[in-house]
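You asked for a short note to go with the model below. Please read the points with the structure open.

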Amino acid sequence: MPPEPPPAALRLTVDRDALAANWRTLNALSGQAAAGAAVKADAYGLGVGSVVPALWEAGCRDYLVAHWTEAAPVAARVPPGSVSVLHGPLTDRDARYARDLGVKPVINSVSQAQRWIEAGGGLCDLMVDTGINRLGLPLDQLGSEPIAALQVDVLLSHLASADENSGLNALQLQRWNEARGQIAHRRASLANSAGITLGADYHGDLTRPGIALYGGVPCAALDGHIRQVARPEAALIQVRPLQLGDSVGYNATFVADRTMRVGVISIGYADGYLRCWSDNGTMVHEGRELPVLGRVSMDMTVIDLTAAPDLNEGDWVEVAYDLPQAATRSGLSQYELLTGLGRRFVR
Ligand SMILES: *Cc1c(COP(=O)(O)O)cnc(C)c1O
């Protein structure tokens, strides 16, 4: 047996209480509808292993993933019938897999409907395109024979501009309502996180928040309602003094204008802490702010320890990662900030 590796100097703490609170908030804001959860991309990078059980306990009963490879880890933690696979059955093998695992395929086209029925069919979801022109059945194909033969649980569509005051929202709402009148289904769903705030007309029977569960604030109406969930932390792997004129990191973009103490932490762009944080990011220790100095490198970032002279090698600092603020600061989207966090984090 190889020896057990020691714990990594990089971890991502998921605040499950905040996650559950965010789900309850979004469920309440969904009115008569129940809130499900988008848990694709390993629950937006946070890890389905901790996220899915916490959401189940909070009361969430519907889960959405994108890829077929993402279905089993979720279906191992909740009843498989509560898992939907958004990309749909592209191959016969996908369709057989859905039946074997017991998860629902989201049917996005007539050919996917045919494939599902040929594989034996059963309860599925149906995505209709109402204007985003990404995945989904065009409305004029709703009457086709394979579609009419489906046993549809959730009839869903996806909003393109829910986070904006856009005329597209009302148009998509109208088309979704037309689709609801044309095809038999058990439940209807339109809203993502931002869509929930557009009002009761957009709620149907099921809402599908993703980013807001994980601490994202995609629109002003959710300001003040959502708690931070993901907290990246890294350990100091070296502490060193700088003299006036010393530079830090690749290309010497930071030059000390005084004697100062700096720390090297074990996080870099390979971990999703991208170069846009160079001379820009902040670490936090007990409320004290420790700015990033110089370029972020692949595995390391240097920070100013002036505000925390007590910190030493082996101590941990938290990456300032309030999503709305971090997005403004970095130019990355709140979605990218989460899903980009790398594999070296212990989750
Ligand atoms: C990702 C996704 C969601 C969740 O969207 P957020 O903006 O993260 O709330 C909902 N529905 C579908 C179809 C999705 O692909």
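The points below cover the ligand, the pairing of some strands, two loop residues and a surface patch.

1. Please keep in mind that this is a predicted model. The values that follow were computed from it.

2. The ligand has 14 residues around it. Those that come nearest are Lys 40, Tyr 44, Ser 193, Ile 211 and Tyr 335.

3. Tyr 335 also makes a polar contact: an N or O atom of its side chain is 2.6 Å from an oxygen atom of the ligand. Nitrogen atoms of the ligand come into two further contacts. The side chain of Arg 208 has an N or O atom 2.9 Å from a ligand nitrogen, and a polar side-chain atom of His 158 lies 3.4 Å from a nitrogen atom of the ligand. On its own the ligand would expose 390 Å², and 93% of that is buried by the protein.

4. Strand 12 covers residues 230–242 and pairs in the antiparallel sense with strand 1, residues 10–14, over five bridges. Within this pairing, Arg 11 has Glu 233 of strand 12 as its bridge partner.

5. Strand 12 also pairs with strand 19, residues 316–319, again in the antiparallel sense, here over three bridges. Ala 234 is bridged to Val 317 in strand 19.

6. Strand 15 is another antiparallel partner of strand 12, joined to it by six bridges. Here the bridge partner of Val 239 is Gly 263 in strand 15.

7. Two backbone angles deserve a look. Most residues other than glycine have a negative phi. Ala 252, in contrast, has a positive phi near 50°. Ala 252 sits in the loop between strand 13 (247–248) and strand 14 (254–255), and its relative accessible area of 34% makes it partly exposed.

8. Glu 286 likewise has a positive phi, near 45°. Its place is the loop between strand 16 and strand 17 (288–293). Is Glu 286 buried or exposed? Glu 286 counts as exposed because its relative accessibility is 68%, and the cut-off for exposed is over 50%.

9. On the surface, Tyr 269, Leu 274 and Met 298 make a nonpolar patch of about 250 Å². Leu 274 belongs to the loop between strand 15 (260–265) and strand 16 (282–285). With 34% relative accessibility, Leu 274 is classed as partly exposed.

Conventions
Residues are numbered from 1 along each chain as its sequence is written. This is a predicted model: local features need pLDDT of at least 70, side-chain atom pairs count only at pLDDT 80 or more; totals for chains, interfaces and linings use all residues. Side-chain values use heavy atoms; hydrogens and water are left out. Patches are made of residues with over 30% relative accessible area and no salt bridge: like charges are joined within 9 Å, nonpolar side chains (Val, Leu, Ile, Met, Phe, Trp, Tyr) within 5 Å. Accessible areas come from the Shrake-Rupley method with a 1.4 Å probe; for residues, only the protein chains shown count as cover. A salt bridge is a side-chain nitrogen of Lys or Arg within 4 Å of a carboxyl oxygen of Asp or Glu. Helices (H or I, at least four residues) and strands (E, at least two) are DSSP runs, numbered from the N terminus. Buried means under 20% relative accessible area, exposed over 50%, partly exposed in between (1.4 Å probe, protein chains only). A residue is near a molecule or strand if one of its heavy atoms lies within 4 Å of it. A polar contact is a pair of N or O atoms within 3.5 Å; within protein, one must be able to donate a hydrogen and the other to accept it, and residues adjacent in sequence count only if both atoms are side-chain atoms. Two strands pair if DSSP finds at least two bridges between them.
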